[in-house]
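Please read the following briefing alongside the sequence and the three-dimensional structure. It moves through selected residues, the cysteines and the helix packing, in that order.

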Amino acid sequence: MQHFHILEPDQTIRQEALEKIDNLNKPKGSLGILENIALKLCLIQQTLSPSLHYPCHLLLGADHGIEREGVSASPREVTWQQMINFTRGGGFVDVMCRQHNFELKIVDMGVDYDLSDFHTIINYKIAHGTANFLQQEAMTLQQWNECIERGCQLVDQCIAKGSTIISIGEMGIGNTSPSSIWMSLFGNMPLDICIGAGSGLNSAGIQHKLKVLAKSVQKFLTKFPDIAETLSNTPQGKCPNYTFKQTEQILYYFSGFEMAAAIGAMLRAAERHVTILIDGFIMTACILGASKLYPNVLHYAIFGHCGDESGHQKMLNLLHAQPLLQLGLRLGEGTGALCAFPIVDSACRMINEMNNFENAKITKYF
């Protein structure tokens, strides 16, 4: 894996940014989370006048070998069918991107279908879906590295057009399964509390999913006894302290191609001081994984919403993340992040456009 140089944002301007926010013509602290977001934008961009220029949304699609085990209510072909639907503007992600003026990049990272006739889909296909991680690693280390690089390339393309904020979404039937496993292994949490209905499993379906994923994890831990030892030696309630290599092994063994590319995109965005809007359960799992490789990535993330997938709030708690919205969403595609964008925009407009006490000739009473 390529090396990323991700630093905590320079705190030199923090006090000056706080003073600017406090001197806006409002009671101190009265705009709550908007003030926190404005400060974060200032620190990420290292300016007292941050901008949300040329927002881009990366919609990454791929299929998962584990879907063959019946762990999803949706059939495999829904991945490619939805990818085509997105090109025609018919998905909710299309609606949100139009509403908020995001450039939408639809990317085939590994859909099990030939999408080459659809020229608005970026063809970064690694393979026609990952391998079945119940039987073997989902992808090779080489494929993992290719996904990371392509995620980086997508972000570089956005930055070349002047983008200062990106959001990322996914389309991949079965991708709640690797997300649940990552949550369990990185959070040292029982697998059963990490698994939910995904696209609509009933209780029997959830139990089957748990059985398949538990067997997959057991096979993985047998193959990597050093990871099993680290996990077993970690006290309950504490996150295991895996090495970088162990973390990477956990990630690529279970990952989808779209998830690996998302991690690459997140790391590149943080490296280049671009704000990352985080979507639901899948993308939260991706930034959890990214943060286990490079903890400073979290300084560049704003969490859009807490979704309706079982376990999402627990995963957010692992990251000490405060989501902006809770709308009962479990669609994916990045729609929760896009729904949250106007709040981030309001915070940016607040610090740039509000008057201050002195200019407005209002008595400052604190």
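Is His305 buried or exposed? In this predicted model, His305 is buried, with a relative accessible area of 4%. The residue lies in the loop between strand E6 (301-303) and helix H12 (312-318), and its surroundings open the points below.

**His305 and its surroundings**

- The side chain of His305 makes a polar contact with the side chain of Asp279, at 3.3 Å, and the His305 side chain also reaches the backbone nitrogen of Gly280, at 3.5 Å.
- Once its neighbours within four places in sequence are left aside, His305 is in contact with Ile278, Asp279, Gly280, His312, Leu316, Pro323, Leu324, Leu325, Leu329, Gly336 and Ala337, so that both polar partners, Asp279 and Gly280, appear again among the residues in contact with this buried histidine.

**Two residues of strand E2**

- Asp108 lies in strand E2, which covers residues 103-110, and Lys105 has its place in E2 as well.
- Asp108 is buried, its relative accessible area being 2%, and its side chain reaches the backbone nitrogen of Val111 at 2.8 Å.
- Not counting residues up to four places away in sequence, Asp108 touches Gly61, Met83, Tyr113, Leu115, Ile121, Ile122, Asn123, Tyr124 and Lys125.
- Lys105 is likewise buried, with a relative accessible area of 9%, and its side chain makes a polar contact with the side chain of Gln157 at 3.4 Å.
- With its neighbours within four places in sequence left aside, Lys105 is in contact with His57, Leu58, Leu59, Ile122, Leu154, Gln157 and Cys158; of these, Leu154, Gln157 and Cys158 belong to the residue range of helix H5 (residues 141-160).
- Gln143, by contrast, is 38 residues from Lys105 in sequence and 21 Å from Lys105 in space, taken from C-alpha to C-alpha.

**Thr275 in strand E5, and Gly237 in a loop**

- Thr275 has its place in strand E5 (residues 275-278) and is buried, with a relative accessible area of 0%.
- Although Thr275 and Lys40 are 235 residues apart in sequence, their C-alpha atoms are 9.0 Å apart in space.
- Residues up to four places away in sequence not being counted, Thr275 touches Leu41, Ile44, Thr164, Ile165, Ile166, Tyr300 and Ile302.
- Gly237 is found in the loop between helix H8 (225-232) and H9, where it is exposed, with a relative accessible area of 67%.
- Gly237 and Arg98 are 139 residues apart in sequence, and the distance between them in space, C-alpha to C-alpha, is 43 Å.

**Cysteines**

- What does a search of the whole structure find in the way of disulfides? The search finds 0 disulfides.
- Why is there no bond between Cys42 and Cys348? The closest cysteine sulfur to that of Cys42 is in Cys348, at 8.1 Å, which is too far for a bond, given that a disulfide requires the two sulfur atoms to be within 2.5 Å.
- Seen from the other side, the closest cysteine sulfur to that of Cys348 is in Cys42, again at 8.1 Å and too far for a bond.
- Cys42 counts as buried at 0% relative accessibility, and Cys348 is buried too, with a relative accessible area of 5%.

**Helix packing around H9**

- Two packed helices are described by the angle between their axes together with the distance between those axes.
- The axes of helix H5 (residues 141-160) and helix H9 (residues 244-254) come within 10 Å and cross at roughly 90 degrees, which makes H5 roughly perpendicular to H9.
- In this pairing, Leu141, Trp144 and Asn145 of H5 meet Glu248, Leu251 and Tyr252 of H9, and the residues of the contact divide into 4 nonpolar, 1 polar and 1 charged.
- The axes of H8 and H9 also come within 10 Å, crossing at roughly 105 degrees, and these two helices are therefore roughly perpendicular to each other.
- Asp226, Ile227 and Thr230 of H8 make this contact with Gln246, Gln249 and Ile250 of H9, and by class the contact has 2 nonpolar, 3 polar and 1 charged residues.

Note on methods: Residues are numbered from 1 along each chain as its sequence is written. This is a predicted model: local features need pLDDT of at least 70, side-chain atom pairs count only at pLDDT 80 or more; totals for chains, interfaces and linings use all residues. Side-chain values use heavy atoms; hydrogens and water are left out. Helices (H or I, at least four residues) and strands (E, at least two) are DSSP runs, numbered from the N terminus. Buried means under 20% relative accessible area, exposed over 50%, partly exposed in between (1.4 Å probe, protein chains only). A polar contact is a pair of N or O atoms within 3.5 Å; within protein, one must be able to donate a hydrogen and the other to accept it, and residues adjacent in sequence count only if both atoms are side-chain atoms. Contact means heavy atoms within 4.5 Å. Axes are lines fitted to C-alpha atoms, for helices over the stretch in contact, and angles run from 0 to 180 degrees between N-to-C directions. Angles under 35 degrees count as roughly parallel, over 145 as roughly antiparallel, 65 to 115 as roughly perpendicular and the rest as oblique. Ala, Val, Leu, Ile, Met, Phe, Trp, Tyr, Cys and Pro count as nonpolar, Asp, Glu, Lys and Arg as charged, and the others, Gly among them, as polar.
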